[in-house]
Amino acid sequence: MKIDKETVDKIAHLARLELTEAEKDRSIEELSEILSFMEKLNELDTSGVKPLIYMNEAVNVLRPDVVIQELTRDEALKNAPLRNEEYIKVSKVIQK
């Protein structure tokens, strides 16, 4: 496939990009390199290769979900700048 300015203009329009002439020329070169690399990959025989779904063999590596109380209410309130007996006070952020 030949990459020309019309193709770059169409791609830039679809991507909502405004490119200068220098950027268009550089894009033509870069897209041509990408397509030539893809043509080289198409020459490979991949008929016996299974599709790669995951990069490693690990399946569902999860830590156990254990509920623990690491910080008590009093410890959390100790460092709060504004508080009452049970809650941290914060400034109002929603106006009616």
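**Lys24**

I looked up Lys24 first and found that this residue counts as buried, at 14% relative accessibility. Here buried means under 20% relative accessible area, exposed over 50%, and partly exposed in between, with a 1.4 Å probe and protein chains only. The model is predicted: local features need pLDDT of at least 70, side-chain atom pairs count only at pLDDT 80 or more, and totals for chains, interfaces and linings use all residues. Residues are numbered from 1 along each chain as its sequence is written, and side-chain values use heavy atoms, with hydrogens and water left out.

I placed Lys24 in helix 2. Helices (H or I, at least four residues) and strands (E, at least two) are DSSP runs, numbered from the N terminus. I then listed the contacts of Lys24, leaving aside neighbours within four places in sequence, and got Val8, Asp9 and Leu19. Contact means heavy atoms within 4.5 Å.

**Salt bridges of Lys24**

Which residues pair with Lys24? I took a salt bridge as a side-chain nitrogen of Lys or Arg within 4 Å of a carboxyl oxygen of Asp or Glu. Lys24 forms one with Asp9, where the closest N and O atoms are 3.0 Å apart. Lys24 is in helix 2 (residues 21-42) and Asp9 is in helix 1 (residues 5-14), so this pair ties together parts that are 15 residues apart in sequence. I noted Asp9 as partly exposed, at 35% relative accessibility.

Lys24 also forms a salt bridge with Glu21, and the closest N and O atoms there are 3.6 Å apart. This pair stays inside helix 2: the two residues are 3 apart, which puts about one helical turn between Lys24 and Glu21. Glu21 is partly exposed, at 45% relative accessibility.

I followed the links outward and found Lys5, Asp9, Glu21, Lys24 and Asp25 joined in a network of salt bridges.

**Arg26 and Glu30**

I checked another pair and found a salt bridge between Arg26 and Glu30, with the closest N and O atoms 3.7 Å apart. Both residues belong to helix 2, 4 residues apart, and are separated by about one helical turn. Arg26 counts as partly exposed at 47% relative accessibility, and Glu30 as partly exposed at 42%. By the salt-bridge rule, my count for the model is 5.

**Ser27**

Is Ser27 buried or exposed? I found Ser27 in helix 2, and at 18% relative accessibility this serine counts as buried. Leaving aside neighbours within four places in sequence, Ser27 is in contact with Val8 and Leu19. Val8 and Leu19 had also come up in my list for Lys24.

**Arg16**

I looked at the loop between helix 1 and helix 2, where Arg16 lies. Arg16 is not a glycine, yet has a positive phi of about 60°. I noted this residue as exposed, with a relative accessible area of 67%.

**Ile34**

I went further along helix 2 to Ile34. Ile34 is partly exposed, with a relative accessible area of 49%. How far is Ile34 from Asp45 in space? C-alpha to C-alpha I read 20 Å, for a separation of 11 residues in sequence.

**Whole chain**

I counted 3 helices and 0 strands in the protein. Read along the sequence, the pattern is α-α-α. The radius of gyration is 29 Å, well over the 12 Å that the globule rule gives for 96 residues, so the protein is more spread out than a compact globule. That radius is taken over C-alpha atoms, and the globule rule is 2.2 Å times the number of residues to the power 0.38. Along the principal axes I noted a C-alpha trace spanning about 70 × 45 × 25 Å.

Of the 96 residues, 8% count as buried. Of the contacts between residues at least 6 apart in sequence, 23% join residues at least 24 apart. I recorded an exposed area of about 10000 Å², with carbon and sulfur atoms supplying 55% of it. Accessible areas come from the Shrake-Rupley method with a 1.4 Å probe; for residues, only the protein chains shown count as cover.

Last, I tallied 15 positive and 20 negative side chains, and the centres of the two sets lie 10 Å apart. Lys and Arg count as positive and Asp and Glu as negative, while His and the chain ends are not counted. The place of a charge is taken as NZ of Lys, CZ of Arg, CG of Asp or CD of Glu.
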